Amino acid sequence: MQNIIQRELMINATAERIYNAIALAEQVVKWFPDTVSGDYRQGAQALFSFGEKHRSSVYIEAANPYHYFAYRWVPGGTNFTGDVRTVPNTLVEFHITELEPGRSKVSLTETGFAGLPADIAASSLQQNSNGWDFMLGRLQQYFSAEAK
Amino acid sequence: MSQAAVVQLFKALGDPVRLQIVQRLSNGVPLCMGELSKDLGISRQGARKQIQALVTANVVQLHPVGREVKVQLDATALTQGRDFIAALEAQWDQRLQALKQFTEQ
């Protein structure tokens, strides 16, 4: 069972453009939550809203222009609106690397599904990465056998 | 799957010994407690405790067979955990495509 979500994509834009789209409240609403209220800056907590019903607190862990932005939240549409640092949460990280002018790589990771601080989860994941991979492969076989 | 159940599942699988136990069961064949506890680098009692933790997280089930106890993988929680992650991955794929579209305008 994986304990991390990892995604990577290429975007034809500058690192500054992409960073601002993630880190500025007035831009992030163009592609991610419908609204942002509260304090959307490093060390503070803001509230994302999705549609009429869903609300989610986000705690901004880091905001380093124009290459890194990270926040904590409670994933899975749980509507958690309290202080995310007081409950098991995941760390969402955006790494932006401008490979050539106007062309950037964006890496997204979400870690901490074990309810552990992300750095501990990441290091134990690394130590056990063979184990995780092995097990995931075996389980896929198991699940597909079950489905038959 | 509730947030609490997800956390419980990933916590259960986040330990090297418990992960090894689950690996040994991952082909779906039940093993008896004694067999499963061998060569884990911990005492039998310690192994029993780890197996119990997996029972609590609904990762394995115990079945008494005669004088033995067989341990079997319970796919339910694992399937739900996998589906939970898959759903989040699909959401991120959508969001990142939206980010791409917005920033490439």
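Begin the tour of this predicted model by selecting Asp93(B), which is partly exposed at 34% relative accessibility. Its side chain forms a salt bridge with Arg7(A), and the closest N and O atoms lie 2.6 Å apart. Follow this pair across the boundary between the chains: Asp93(B) sits in helix α5 (residues 75-103) of chain B, while Arg7(A) belongs to strand β1 (residues 4-11) of chain A. Arg7(A) is likewise to be classed as partly exposed, its relative accessible area being 24%.

Next, add Glu89(B) to the selection. Salt bridges with shared partners join Arg7(A), Glu89(B) and Asp93(B) into one network. Side chains of opposite charge can pair when their charged atoms come close.

**The helix of chain B against the sheet of chain A**

Keep α5(B) displayed and show the strands of chain A beneath. The helix α5(B) lies across β1, β5, β6 and β7 of chain A, and runs at about 20° to β1(A).

Now select the strands of chain A as a group. They include an open sheet of seven strands in the order β1-β7-β6-β5-β4-β3-β2, with antiparallel pairing. At the edges stand β1 and β2 (35-38) of chain A; each has a single partner strand, so one side of each has no neighbour in the sheet. On average, neighbouring strands of this sheet are turned by 25° against each other, direction ignored.

Zoom in on the edge formed by β1(A). Its pairing with strand β7 (residues 103-111) of chain A is antiparallel and extends over eight bridges. For one position to label, choose Met10(A), which stands opposite Lys105(A) in β7(A).

Then select helix α1 (residues 15-23) of chain A. This helix packs on the sheet and touches β1, β4 (54-64), β5 (68-73), β6 (90-100) and β7 of chain A. The direction of α1(A) makes about 160° with that of β6(A).

**Chain A as a whole**

Colour chain A by secondary structure. The chain has four helices and seven strands, and its elements run β-α-α-β-β-β-β-β-β-α-α from the N terminus on.

Switch to a surface representation of chain A. The chain exposes about 7,200 Å², of which carbon and sulfur atoms supply 48%. Of its 148 residues, 46% count as buried. Among the contacts in chain A with a separation of 6 or more, 42% involve residues 24 or more positions apart.

While chain A is displayed, select Asp39(A) and Arg41(A). Their side chains meet in a salt bridge, at 2.9 Å from N to O. Asp39(A) is partly exposed, with a relative accessible area of 33%; Arg41(A) is partly exposed as well, at 49%.

Recolour chain A by pLDDT before moving on. The average is 80, and 72% of the residues score at least 70. Over residues 116-144 of chain A, pLDDT stays under 50, and the model has 43 contacts beyond four places in sequence for this stretch.

**The sheet of chain B**

Hide chain A and select the strands of chain B. Here an open sheet of three strands has the order β1-β3-β2, again with antiparallel pairing. Its edge strands are β1 (31-32) and β2 (60-65) of chain B, each of which pairs on one side only.

Focus on β1(B) and strand β3 (residues 68-73) of chain B, which pair in the antiparallel sense over two bridges. Label Cys32(B): its bridge partner in β3(B) is Lys70(B).

Two helices of chain B are to be added in turn. Helix α2 (residues 16-25) of chain B packs on the sheet and touches β1, β2 and β3 of chain B, its direction making about 90° with that of β3(B). Helix α4 (residues 44-56) of chain B also packs on the sheet, where it touches β2 and β3 of chain B. The direction of α4(B) makes about 115° with that of β2(B).

**A last pair in chain B**

Finish by selecting Lys100(B) and Glu104(B). These two residues form a salt bridge, with the closest N and O atoms 3.1 Å apart. Both are partly exposed: Glu104(B) has 31% relative accessibility, and Lys100(B) has 22%. With all chains shown again, a search of the whole structure finds six salt bridges, among them the one between Asp93(B) and Arg7(A) with which the tour opened.

Terms used:
Residues numbered from 1 in each chain as written. Chains lettered and ligands numbered in written order. Heavy atoms only, no water. Salt bridge = Lys/Arg side-chain N within 4 Å of Asp/Glu carboxyl O. Buried < 20%, exposed > 50% of the residue type's maximum accessible area, 1.4 Å probe, protein only. Pairing = 2+ DSSP bridges. Axes fitted to C-alpha atoms, helices over the stretch in contact; angles between N-to-C directions. Contact = heavy atoms within 4.5 Å. Areas by Shrake-Rupley, 256 points an atom, 1.4 Å probe, with all protein chains shown as cover. pLDDT = per-residue confidence, 0-100.
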